[in-house]
Amino acid sequence: MESFMIRRLGTVIAALALAAATTVTGVTLTASAAHADGCYTWGRTLSQGMSGEDVRQLQIRVAGYPGYGAVLTIDGAYGPATRSAVIRFQQAYGLGADGVAGPQTFNRLYALQDDDCTPVNFSYAELNNCNSTWSGGAVAASTARANALVSMWKLQALRHALGDVPIAISSSFRSYACNSAVGGASNSRHLYGDAVDLVGSPSLCRLAQQARNHGFGQILGPGYPDHNDHTHVAAVGGWSAPTCGI
């Protein structure tokens, strides 16, 4: 009898320990938290009305799903626009599309990101063939690098929408010196780290047309002066690719 009571007490203590381990300051952890990710691990299910750094990290990764002509604000507040972007992300990957970011959504994001938080099909090196420090542009090096990360996640969404085909990049971040050397515009978004020039296949027009759905406030392509050999996408600045009907 004494042995049974000891085993019973041990079971109760283990159950209490598990409950304590799965709740932190009143926030219940999701199952995904048990599988720590090398880049970032979400610790709670996120939904509209919530806020915090975990929401901001989610927004970075769904920045490519704001809807036609829209740009998602990355502010750490889970509003209607973030909910809609999460729904489009979920639909794109065949998940239950309820606009709530839980274990299934997080697990898909974990599969899409490398340990440095870049999406699996793009890298910082691809977006900076100017220098290794991200310095010398129109914003601080840390800001330029952060802007490039958001652009990469938008490109990942664009790539997936095009059938997961490779996308070639000819130019992205530029310091003032690098921008001057290639004859870039004095106010080029490349100086901010949020612009990317795309070349090759898919066609330039196909890239420009599809980019309208993936959070790029600026799209310049064939038919726009000096853009017949590439499609330029960036955070802000307007669209013009007359040959492509844009």
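**Exercise 1. Determine which residues line the second largest pocket of this predicted model, and describe the pocket by volume and residue class.**

Solution. Step 1: the lining of the second largest pocket consists of Val 71, Leu 72, Ile 74, Ala 146, Asn 147, Val 150, Ser 151, Lys 154, Asp 194 and Ala 235. The model is a predicted one.

Step 2: sorted by class, this lining comprises six nonpolar, two polar and two charged residues.

Step 3: the volume of the second largest pocket is about 160 Å³.

**Exercise 2. Give the corresponding description of the largest pocket.**

Solution. Step 1: the volume of the largest pocket is about 470 Å³.

Step 2: 19 residues form its lining. Nearest the centre of the largest pocket lie Arg 174, Gly 184, Ala 185, Ser 188 and His 227.

Step 3: the lining of the largest pocket contains ten polar, five nonpolar and four charged residues.

**Exercise 3. State how the secondary structure elements are ordered along the chain, and characterise burial, contacts and surface.**

Solution. Step 1: the protein has seven helices and seven strands. Read from the N terminus, their order is α-β-β-α-α-α-α-β-α-β-α-β-β-β.

Step 2: 45% of the 246 residues count as buried.

Step 3: take the contacts between residues at least 6 apart in sequence; 53% of these join residues at least 24 apart.

Step 4: the exposed area of the protein is about 11400 Å², with 55% supplied by carbon and sulfur atoms.

**Exercise 4. Locate Cys 117 and Trp 134, and decide whether each is buried or exposed.**

Solution. Step 1: Cys 117 is in the loop between helix H4 (103–112) and helix H5 (141–161). Trp 134 also has its place in the loop between H4 and H5.

Step 2: phi is positive at both non-glycine residues, near 80° for Cys 117 and near 65° for Trp 134.

Step 3: the cut-off for burial is under 20% relative accessible area. Cys 117, at 16% relative accessibility, therefore counts as buried. Trp 134 has a relative accessible area of 5% and is therefore buried.

**Exercise 5. Identify the peptide bond that is cis, and place its proline in the fold.**

Solution. Step 1: the bond from Ser 201 to Pro 202 is cis, with omega near 0°.

Step 2: Pro 202 belongs to the loop between strand S4 (196–199) and helix H7 (204–211).

**Exercise 6. Assess the confidence of the prediction, and name the residues over which pLDDT stays under 50.**

Solution. Step 1: the average pLDDT of the protein is 89, and 86% of the residues score at least 70.

Step 2: over residues 1–34 pLDDT stays under 50. The model has 26 contacts beyond four places in sequence for residues 1–34.

Step 3: predicted coordinates should not be read in detail where pLDDT is low.

Notes. Residues numbered from 1 in each chain as written. Predicted model: local features only at pLDDT ≥ 70, side-chain atom pairs only at ≥ 80, totals over all residues. Heavy atoms only, no water. Helix = DSSP H or I, 4+ residues; strand = E, 2+ residues; numbered from the N terminus. Buried < 20%, exposed > 50% of the residue type's maximum accessible area, 1.4 Å probe, protein only. Contact = heavy atoms within 4.5 Å. Areas by Shrake-Rupley, 256 points an atom, 1.4 Å probe, with all protein chains shown as cover. 1 Å grid on protein atoms, 1.4 Å probe; cavity = no way out; pocket = protein on both sides within 12 Å on 5 of 7 lines; lining within 4 Å. Points joined across faces, edges and corners; volume = space filled by probe spheres on them. Nonpolar A, V, L, I, M, F, W, Y, C, P; charged D, E, K, R; others polar. pLDDT = per-residue confidence, 0-100.
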